[in-house]
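Work through the exercises below with the model open beside you. Each task is followed by a solution in steps.

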Amino acid sequence: MSEGAELLLQLKHRAGCCIDEAEAKLHSLSKDIWSCPELAYEESKSHDRLVAFFSQEEGWKVDAHFKLHTAFRATWRSGGSERGDVVNVGFLCEYDALPCIGHACGHNLIAEVGAAAALGLKAVLENTHSELPVQVQVTVLGTPAEEDGGGKIDLIREGAFENMDVVFMAHPLGDDAPYLPHVTEHKVTVKYRGKASHASAYPWEGINALDAAVLCYNNLSVLRQQMRPDWRVHGIIKHGGEKPNIIPAYTELEYYLRTPSRAELSVLKAKAEMCFRSAAVATGCEVEVEYARNAFDNLLRNTTLEDLYENNGKALGMEFTTDEEVLNNASGSTDFGNVSFVVPGIHPYFYIGSKALCHTAEYTVASGDDKAQFYTLRTAKALAMTALDVLLRPELLQRVKQEFTEATMATVT
């Protein structure tokens, strides 16, 4: 084994030990976030808890309310190379919850993984200046509103990811996986306005907005016969009227449109809009189509980083799934997809000791269970080890960036 390879192994081991030493305070951080679930853009207590966590750690510069009210940034910079080169490694924390069922997607554990990996990497690097080929900045970015709204997309728009070289986060699930496919997603609200009238005495005076909503729903259901197998359209009627004896003057539907790629999303949106608008024409209603401010992109893979992460995970005892149904189930969406188009990164999944399904009450319990801690910190170690790979082996970082450039170029050709 070469001297450089031996040093890298030593540093990886040391990063893991530093994470283990911080186990109690990391568990407390996760438990506090889990115990106080907050919805998208309303994560004030979780924000404050994470800001306090990094403010109490030596050497971190902490910016509360960074770009968004419930976002934050914590940064630390090493000494290192005399050339003045700086490699900025980012770790992302999520911490919003779901309505009614709390942290049923385990975002408390995502926050813990990001914080733990950053602590482990920083602890190693601050004592390794002479061995580093470059200066290093470790950035922890608190990214609110993943479940609804897309806080990372807001942060991209605000320039929060500028100058980052590579970015990491990990999401809890029922299996360990270095990559799972994610699809694009755009939420759309459709509003129909008609005219109220007595439904029995003089219905001919009314314009029935509920008829428009039902036609819209049925139009989209019929469209599915001509949709590609990997497209998804799913929605609800949020408002259907007030009373049976009043012809509804207002109805509202909410739909999610999903496709494997950004290019396909525009095609599906055009087809869906014909369904929305034709229902208005047929009933004489006015229609208003409102797309959400942010559309979620599909996830752009970086196999170089995925392979490094998988190798490090296996060294820690992870058993990565080979279940084709799991690996090919491209149904979920995340605003990390948008991040993957502006900076190379990975979004692996990790087992937490339970086979409960995400977005269920059972998963809420699992994400707060003490049993999840071993798996959460093991994942943080794998992320920190992967960061050390690209920092101490510049040729790997170059390969990561080259793959990213080629992948992004392929999406526009």
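**Exercise 1. Find the sense in which strand 7 and strand 9 pair, and count the bridges.**

Step 1. Strand 7 covers residues 184-193, and strand 9 covers residues 250-259. Strands here are DSSP runs of E with at least two residues, helices are runs of H or I with at least four residues, and both are numbered from the N terminus.

Step 2. Strand 7 and strand 9 pair in the antiparallel sense, over ten bridges. Two strands count as paired if DSSP finds at least two bridges between them.

Step 3. Check one position: Val190 stands opposite Leu253 in strand 9.

A note on the source: this is a predicted model, in which local features need pLDDT of at least 70 and side-chain atom pairs count only at pLDDT 80 or more, while totals for chains, interfaces and linings use all residues. Residues are numbered from 1 along each chain as its sequence is written, and side-chain values use heavy atoms, with hydrogens and water left out.

**Exercise 2. Strand 7 also pairs with strand 10; state the sense and name residues that stand opposite each other.**

Step 1. Strand 10 spans residues 286-291 and pairs with strand 7 in the antiparallel sense over six bridges.

Step 2. Thr189 stands opposite Glu290. Lys191 stands opposite Glu288.

Step 3. Now look at burial. Nine of the ten residues of strand 7 are buried, so the strand is largely enclosed by the rest of the structure. Buried means under 20% relative accessible area, exposed over 50%, and partly exposed in between, with a 1.4 Å probe and protein chains only.

**Exercise 3. Give the strand order of the four-stranded sheet, then place the helices on it.**

Step 1. The order is 8-9-7-10, the sheet is open, and the pairing is antiparallel.

Step 2. Strand 8 (232-239) and strand 10 are at the edges; each has a single partner strand, so one side of each lacks a neighbour in the sheet.

Step 3. From one strand to the next, the twist averages 20°. Angles run from 0 to 180 degrees between N-to-C directions, and axes are lines fitted to C-alpha atoms, for helices over the stretch in contact.

Step 4. Helix 6 (residues 209-223) packs on the sheet and touches strand 7, strand 8 and strand 9. Its direction makes about 15° with that of strand 9. Contact means heavy atoms within 4.5 Å.

Step 5. Helix 7 (residues 262-283) lies across strand 7, strand 8, strand 9 and strand 10, at about 10° to strand 7.

**Exercise 4. Do the same for the six-stranded sheet.**

Step 1. This open sheet has the order 1-2-4-3-5-11, with mixed pairing.

Step 2. Strand 1 (61-63) and strand 11 (345-346) hold the edges with a single partner strand each, so one side of each is left without a neighbour in the sheet.

Step 3. Strand 3 and strand 5 run parallel, joined by three bridges. Gly90 stands opposite Val167 in strand 5.

Step 4. Helix 3 (residues 44-55) packs on the sheet, touching strand 1, strand 2 and strand 4, with its direction about 15° from that of strand 2. Helix 4 (residues 107-125) lies across strand 2, strand 3 and strand 4, at about 150° to strand 3.

**Exercise 5. Count the aromatic pairs and classify two of them.**

Step 1. Rings of Phe, Tyr and Trp (its six-membered ring) pair if their centres lie within 6.5 Å; planes under 30 degrees apart are stacked, over 60 edge-to-face, and the rest tilted. The count comes to ten aromatic pairs.

Step 2. Phe91 and Phe168 are stacked, at 5.6 Å centre to centre with 25° between the planes. Phe91 lies in strand 3 and Phe168 in strand 5, so the pair ties together parts 77 residues apart in sequence. Both Phe91 and Phe168 are buried.

Step 3. Tyr351 and Tyr375 have ring centres 5.0 Å apart and planes at 75°, so this pair is edge-to-face. Tyr351 lies in strand 12 and Tyr375 in helix 12, so the pair links parts 24 residues apart in sequence. Tyr351 is partly exposed, at 23% relative accessible area.

**Exercise 6. Place Gly149 and list its contacts beyond four places in sequence.**

Step 1. Gly149 is in the loop between strand 4 and helix 5.

Step 2. Its relative accessibility is 25%, so Gly149 counts as partly exposed.

Step 3. Outside its neighbours within four places in sequence, Gly149 contacts Tyr41, Asn294 and Phe296.
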